[in-house]
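Q: Please give a close account of a single part of this model, and then of the surroundings in which that part is placed.

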Amino acid sequence: MVDQSHSNNNVSTPLCGEPYLLTPGPLSTAAQVKQAMLKDWGSWDDDFRAMTREMRTAIVDMIEDHANDYECVPIQGSGTFVVEAMLGTLLPENSHTLVLMNGAYGKRIAQTLSRIGRRHTTIDKGDYLPPRADEVEATLTQDPTITHVVVVHCETSSGILNPIEEIATVVAATGRKLLIDSMSAFGAIAISARKTPFTALVSSANKCIEGTPGFGFAIIRKADLLNAEGNCHSLSLDLYDQWQQMERNGQWRYTPPTHVIAAFTAALDLHRNEGGVCGRFNRYTQNRDTLVSGMKKLGFKTLLDGRWLSPIIVTFLNPADKNFSFDHFYQLMKSQGFIIYPGKLTEVDSFRIGCIGQLNSQIMQQVVDAAAHSLNKLQVEHAGPETSHPDAVL
Ligand SMILES: *Cc1c(COP(=O)(O)O)cnc(C)c1O
C-alpha cells in the first residue's frame with residue numbers, strides 16, 4: 001500500500017485501503033466531499049433550493065470578466081448528457097456547426113450532432129494535433145453557412161490543451177458563436193469571457209472541481225439562452241426548460257442527485273479555500289511536473305511536446321521493450337495503490353496518468369517510484385518507446 005505519511009495536509013488521504021485514482025474523473029475526492037453525502041435532502045425544501053442557487057452563482061463567478069452576462073444551468077447525468085443538452089438547446093434546426101476534432105471527445109460531439117440531426121462540418125486533426133486559428137478562419141471564410149463552432153478545451157483522450165483563446169478570437173471576429181466542451185479543464189484553467197468570447201461552456205461535477213459524478217452544468221450567455229426556447233430535440237435535456245423552472249421556483253425539473261449536489265457544494269468550498277482556479281491550476285501543474293520529470297528519468301516519453309501538455313492528464317507512450325505489457329503494469333501499479341488509465345489513441349499504444357483530484361506532488365513522486373518498481377518487476381530495461389513512434393512533432 002501507499003506510504004501516506006509524507007502526504008501534506010492540503011489533500012485528503014484515501015480511506016483505509018482505497019487506491020488513489022490517477023484518472024480524469026471520477027477521481028479521488030476529499031473526506032469533506034464524501035462526508036457531505038451522508039445527509040438526505042428534500043429536493044423541494046428551501047435549504048436545498050438555496051444550495052442550488054448558491055452553486056449556480058459560484059460556478060458563473062469562476063469565469064473571469066463574465067459581466068453578469070451568463071447563466072449557469074445544471075442538468076442531471078454524466079458529462080456527455082450536458083454536452084448533448086448544450087448542442088440540442090443552442091443549435092437551432094437550421095444551424096450549421098463546425099466541429100473541431102482532435103480526439104475521442106471531439107468525435108463524440110460530431111456523433112451527437114449526427115444523432116440529433118444537426119448539420120455539421122468537421123476539421124479532424126487526428127489523435128493529438130491542435131486545431132489552429134488560421135485553419136478555422138479559412139473554413140469560416142469559405143463557408144458562410146456555418147453559424148456555430150464547437151471546440152474541446154482539454155481533449156482528455158490525449159491530454160492536449162487546445163488553443164481556445166485564438167480560436168475564440170477568430171470565431172467572434174467572423175460573427176459566429178462558440179460552444180466549448182471544457183469538461184476536464186473548467187475550474188483549473190482560467191477562462192475570461194473577454195479574452196475567450198463564448199456562447200456556452202459545459203463541465204461536470206467530477207472533474208476539476210473534485211466532486212462526485214451525477215450532474216453536469218452549462219454556462220450560457222443569457223441573450224442566447226433567451227433565444228433557445230423550443231430548439232431542443234429532447235424533453236429531459238432541454239436546458240432552456242430547466243433554466244425556466246429554476247428561475248421560477250428554484251427547483252430542478254425531475255429528481256436531482258441531491259447527495260451529489262451536497263458533495264459538490266463541499267467541493268466548491270475546498271476549491272475556494274485553495275485559492276480558486278489559480279490555486280488549483282498551481283497544484284495540478286506541480287503534480288504534472290513531478291510526474292513528467294520523474295517518468296522521463298525512467299525513460300518514458302510523453303506523446304506531446306511540453307508546450308501542449310495540460311496539467312490535467314498526461315499520455316505516455318508504451319515502452320518498446322518486449323517485456324512490457326500494459327495489463328501487467330496496470331496490475332502492479334494497482335497493487336501499490338494507484339489506479340492508472342489506459343490510452344485512447346488510435347495509432348500508437350499508450351497509457352495515461354491523471355494529475356487531478358486529491359493528489360499533490362509528494363503523491364506523484366510515489367507514483368513515479370511505483371512505476372520504477374513495476375518496470376523492475378516486469379524486467380523492462382528501458383522505458384523508451386519504439387523510435388518509429390511519432391516524435392512529438394509539435
Ligand atoms: C469527461 C469528459 C466528457 C464527459 O464524459 P462522461 O463520461 O460522460 O462524464 C466529455 N468531454 C471531455 C473533454 C471529458 O473529459
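A: The account below begins with one helix and its packing, then turns to the boundary between the domains. The model is predicted, so local features are given only where pLDDT is at least 70 and side-chain atom pairs only at pLDDT 80 or more, while totals for chains, interfaces and linings use all residues. Residues are numbered from 1 along each chain as its sequence is written, and side-chain values rest on heavy atoms, with hydrogens and water left out.

Helix α5 spans residues 133-142, and among its residues Ala-133, Val-136, Thr-139 and Leu-140 are buried (under 20% relative accessible area; exposed is over 50%, partly exposed in between, with a 1.4 Å probe and protein chains only). Helices (H or I, at least four residues) and strands (E, at least two) are DSSP runs, numbered from the N terminus. The four buried residues lie on the same side of α5 because they cover an arc of only 130 degrees around the axis, taken from the directions from the helix axis to the C-beta atoms. An α-helix has 3.6 residues a turn, so residues three or four places apart point the same way. On the other side of α5, Asp-134, Thr-141 and Gln-142 are exposed.

The partners of the buried side are β3 (96-101), β4 (119-124), β5 (148-152) and α6 (164-173). Helix α6 contains Thr-169, a partly exposed residue with a relative accessible area of 45%. Although 36 residues separate Thr-169 from Ala-133 in sequence, their C-alpha atoms are 8.1 Å apart in space. The side chain of Thr-169 also reaches the backbone oxygen of Glu-165, at 2.8 Å.

The wider setting is a protein chain divided into domain 1 (20-30 + 277-378) and domain 2 (32-272), with bounds from an automatic or database domain assignment. The C-alpha centres of the two domains are 27 Å apart. Contact, meaning heavy atoms within 4.5 Å, joins 29 residues of domain 1 to 36 residues of domain 2. Together the domains bury about 2700 Å², of which 59% is on carbon and sulfur atoms; buried area is the accessible area (1.4 Å probe) lost when two parts are put together, summed over both. Within domain 1, the residues that lose the most area to domain 2 are Val-277, Arg-280 and Trp-308, together 26% of what that side buries.

Two salt bridges are found across this interface, each a side-chain nitrogen of Lys or Arg within 4 Å of a carboxyl oxygen of Asp or Glu. Elsewhere in this account one salt bridge deserves its own description: Glu-210 pairs with Arg-283, and their closest N and O atoms are 3.0 Å apart. On the side of domain 1 that touches domain 2, α10 (276-297) and β11 (313-317) are the elements that give two or more residues. Of these, α10 gives the most, with five residues.

Glu-210 sits in the loop between β9 and β10 (215-221). Its phi is near 70 degrees, a positive value in a residue other than glycine, and at 3% relative accessibility Glu-210 counts as buried. Strand β9 (residues 200-204) includes Ser-204, which is buried at a relative accessible area of 2%. Beyond its neighbours within four places in sequence, Ser-204 is in contact with Gly-79, Met-183, Phe-215, Gly-216 and Phe-217.

Conventions
Polar contact = N/O pair within 3.5 Å; in protein donor to acceptor, adjacent residues only side chain to side chain.
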